[in-house]
Amino acid sequence: MCSFKCGFIFFNMVFMASGVALLTIGVLHKSTFQELEEFAGKTLAKIAIVLIAVGAIITVVSILGCLGAFFNSYNLMFICCLIIIILMEIITGAVVYTFYNKMVSALANITGSVNYMDKIKRVISEYSPEKRAAIDRIQEKFKCCGADGPDDWATSVGWEDHEATPDSCCVEKGAGCGKEKDKARKKGCIKAINLFLGKRLQAVGVICICLAIAECFGVVIVACFSCDIKRKDYDNMS
């Protein structure tokens, strides 16, 4: 019984760790994903919310599981909840990984893909007043300039001084620093954003699916132990 309880607590701690990890990733990147809405659409912000929600649910259920182990309460309903959580992790991982693949397809200009590059170029070209603050924050945060590079500002309809760049492009920011175009950052925001998203989305997708697979074994073991204990209790009562 002791070994079963220890195993049950151990698997719940694994669940809790995965829940806290997803929750942390969602919280840390929520604000950044929201800022990227202007470039990559609202899907990113939704992914962050899903990660937070799934992480919170997993953490709460895991804590309840640990309490159940301490009080020797192993309920079949709880095991069903764990199975649902595993499915949620698999779905979350699949959604994140699908978005990552769409982003890669867009970069490769595959027919039928959602081309985020065109959207980023359009946003830079328009440089509309309501989006200027967001664009400047993105350029500062990702240390980039324009869609493909600083030369994009020379053809931007919304940017009047085609011989300069916004100050947010400057390596060393200062008032009017954008007038020295040769000192602007050379890396375009398309490359910077895709490097950022590629690493994080792929990692989250792989982590979710790997954790779910590992936790499947835990649920099977816990379920088998639980059935064995109930069978022994029934035999003792008989």
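**Helix α6, its surroundings and the salt bridges**

Q: Which residues in α6 are buried?
A: This is a predicted model, in which local features need pLDDT of at least 70 and side-chain atom pairs count only at pLDDT 80 or more, whereas totals for chains, interfaces and linings use all residues. Residues are numbered from 1 along each chain as its sequence is written, and side-chain values use heavy atoms, with hydrogens and water left out. Helices are DSSP runs of H or I with at least four residues, numbered from the N terminus; buried means under 20% relative accessible area, exposed over 50%, and partly exposed in between, for a 1.4 Å probe and protein chains only. By these criteria, the buried residues in α6 are A134, I135, I138 and Q139.

Q: How many degrees around the axis do the buried residues A134, I135, I138 and Q139 of α6 cover?
A: An α-helix has 3.6 residues a turn, so residues three or four places apart point the same way. The arc is taken from the directions that run from the helix axis to the C-beta atoms. The buried residues of α6 lie on the same side of the helix, because their arc is only 140 degrees.

Q: What distance separates the end C-alpha atoms of α6?
A: The expected span of a helix is 1.5 Å times one less than its number of residues. For the 13 residues of α6 this gives 18 Å, which agrees with the distance in the model, 19 Å.

Q: Which residue with a positive phi follows α6?
A: The phi in question is near 50 degrees. The residue that follows α6 with this value is K143.

Q: Which helix gives the most residues to the largest nonpolar core?
A: A nonpolar core is a set of buried Ala, Val, Leu, Ile, Met, Phe, Trp, Tyr and Cys residues joined through side-chain atoms within 4.5 Å. The largest one has 38 residues, of which F33, L36, F142, W153, I193 and L197 touch the most other members. At least two residues each come from α1, α3 (43-70), α4 (76-107), α5 (116-126), α6 (129-141) and α7 (189-237). With 10 residues, the helix that gives the most is α7.

Q: Which residues does F142 touch, not counting those up to four places away in sequence?
A: Contact means heavy atoms within 4.5 Å. On that basis, F142 touches T32, L36, K187, A192 and F196.

Q: Which residue forms a salt bridge with K173?
A: A salt bridge is a side-chain nitrogen of Lys or Arg within 4 Å of a carboxyl oxygen of Asp or Glu, and the structure holds 4 of them. In this pair the closest N and O atoms are 2.4 Å apart. K173 lies in the loop between α6 and α7 and its partner in helix α6, so the pair ties together parts that are 33 residues apart in sequence. K173 is exposed at 58% relative accessible area, while at 31% the partner is partly exposed: it is E140.

Q: How many residues apart in sequence are the parts tied together by D148 and K121?
A: The side chains of D148 and K121 meet in a salt bridge of 3.7 Å, N to O. D148 belongs to the loop between α6 and α7 and K121 to helix α5, so the pair ties together parts whose separation in sequence is 27 residues.
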